[in-house]
Amino acid sequence: MTRTEYRWLLPSAMAGPELPGDRRGRSRRTVRDWIVDTTAFLCAAGIGLITVSTIEADPSTPGLVLLFDVLFGTLACCALWLRRRWPVGVALGLVLLCPVEPVAAGAMLVALFGLAVHRPFRPVAFVGGLALLLAPVQPYVRPDPDTSFLGATFIGAVLTLLVISWGMVVRSRRQLVVSLRERARRAETEAELRAEQAQRLAREAIAREMHDVLAHRLTLLSVHAGALEFRPDAPTAEVARAAGVIRDSAHEALQDLREIIGVLRSPGENEGDRPQPTLATLDELIAESRLAGMKVTLDNRIADPAAAPAATGRTVYRIAQEALTNARKHAPGTEVTVSVTGAPGDGLTVEVRNPAPAEPFERVPGSGQGLIGLTERATLAGGRLDHGPLPDGGFQVRAMLPWPA
């Protein structure tokens, strides 16, 4: 259920930008608002009818006074439909009318409640204080024969304080909900920014690796081309072999260049000339993990790892490296299984899984950015990566990468 589907359950003040408004920017009433306003109107009208019945039962009341009571009581109840647009004006008018018109007492209480809900403390305190000051006027001007002056004044003051307090509680709760919703939106925005930053950093790291590989291939190409230049009398077989090396290096350099297009290298960073990991160096990674105390089982079904494309092998190595690091942090002591399968034309699949830890351990805080970077790396390589918990409580990372025929 989206926000636009359940907005009718919210007050218009909490629906926010999800609720369309009129030309002057005010939000229209929701279904809930119509129900609340109708209920408030009926309650005020019911209180007014009870008051009219009481006044009519008094034989000393003139008929003209009763007519004015009915007329002004009806206008007061109808004015409640404007309390959302002009809460201060409606409440102030009914507070001034109520001392001489007891039929408007119910409408005044509803207006005070709406004022406390929709306006800050200062206007609420002013109108509420005026209502308390005028509370003794009605029992004095229009006394109830069944209630004493002090009793009527006390009841009027207590009801006024109750509805104002209730409205202020509702307002504070709405403000709390709105603030929590705004915090949730900011948290979502910050999470998206962190994810984008992690993707950007992953792209830059991949670009740096590709830059080093590309420089290596171009250097190799230059060396062989220089050898041909300085040895024009070399045997034909040697010249053909050097030309083949130049052709293969140029082809692989173009492939790496296509992958690096659009990714910028961060300035000021220099990782030096370092050998790039490939699928053939995966055994060394597993051996390092075992030396660090991990239980790792490698199931490498690639007959000739060196035949795998360098970029794909490098991606497999990085995925396995990050997955082993996560297993060491979040599932220490468990046996991790690394499986690599594939063939030219069928693609290459690497899968790293570990069971749930059997013994308690001190958890290492993590941000989850490593998995985001792996997903981005697999996507840039033309494949995809899936990760998630297993039914037995373990965790699995599985990547499918292309391997051209």
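## Phe 72 and its neighbour

Phe 72 sits partly exposed in this predicted model, with a relative accessible area of 32%. Its partner is Phe 68: the two rings make a stacked aromatic pair, 6.1 Å centre to centre and with 20° between the planes. Phe 68 also counts as partly exposed, at 39% relative accessibility.

Both residues belong to helix H4, and because they are four residues apart there, about one helical turn separates them.

## The tryptophan pair

The count of aromatic pairs comes to four. One of them joins Trp 34 and Trp 81, and this pair is tilted, at 6.0 Å centre to centre with 40° between the planes. Trp 34 is in helix H3 (residues 31-57), while Trp 81 is in the loop between helix H4 (63-79) and H5, so the pair ties together parts that are 47 residues apart in sequence.

How accessible are these two? Trp 34 comes out at 45% relative accessibility, which counts as partly exposed. Trp 81, at 28%, counts as partly exposed too. Add Phe 41 and you have one aromatic cluster made of Trp 34, Phe 41 and Trp 81.

## Where H5 meets H6

Now for the helix packing. Helix H5 (residues 87-97) packs on helix H6 (residues 105-118) at an angle of about 150°, their axes 9 Å apart. That makes H5 roughly antiparallel to H6, and the crossing is left-handed.

On the H5 side, the contact uses Pro 87, Val 88, Val 90, Ala 91, Leu 94 and Val 95. H6 brings Ala 107, Met 108, Ala 111, Leu 112 and Leu 115. Sorted by class, that contact has 11 nonpolar residues, no polar ones and no charged ones.

Methods
Residues numbered from 1 in each chain as written. Predicted model: local features only at pLDDT ≥ 70, side-chain atom pairs only at ≥ 80, totals over all residues. Heavy atoms only, no water. Axes fitted to C-alpha atoms, helices over the stretch in contact; angles between N-to-C directions. Helix = DSSP H or I, 4+ residues; strand = E, 2+ residues; numbered from the N terminus. Parallel < 35°, antiparallel > 145°, perpendicular 65-115°, else oblique. Left-handed = near helix turned anticlockwise from the far one by under 90°. Contact = heavy atoms within 4.5 Å. Nonpolar A, V, L, I, M, F, W, Y, C, P; charged D, E, K, R; others polar. Phe/Tyr/Trp six-rings, centres within 6.5 Å; stacked < 30°, edge-to-face > 60°. Buried < 20%, exposed > 50% of the residue type's maximum accessible area, 1.4 Å probe, protein only.
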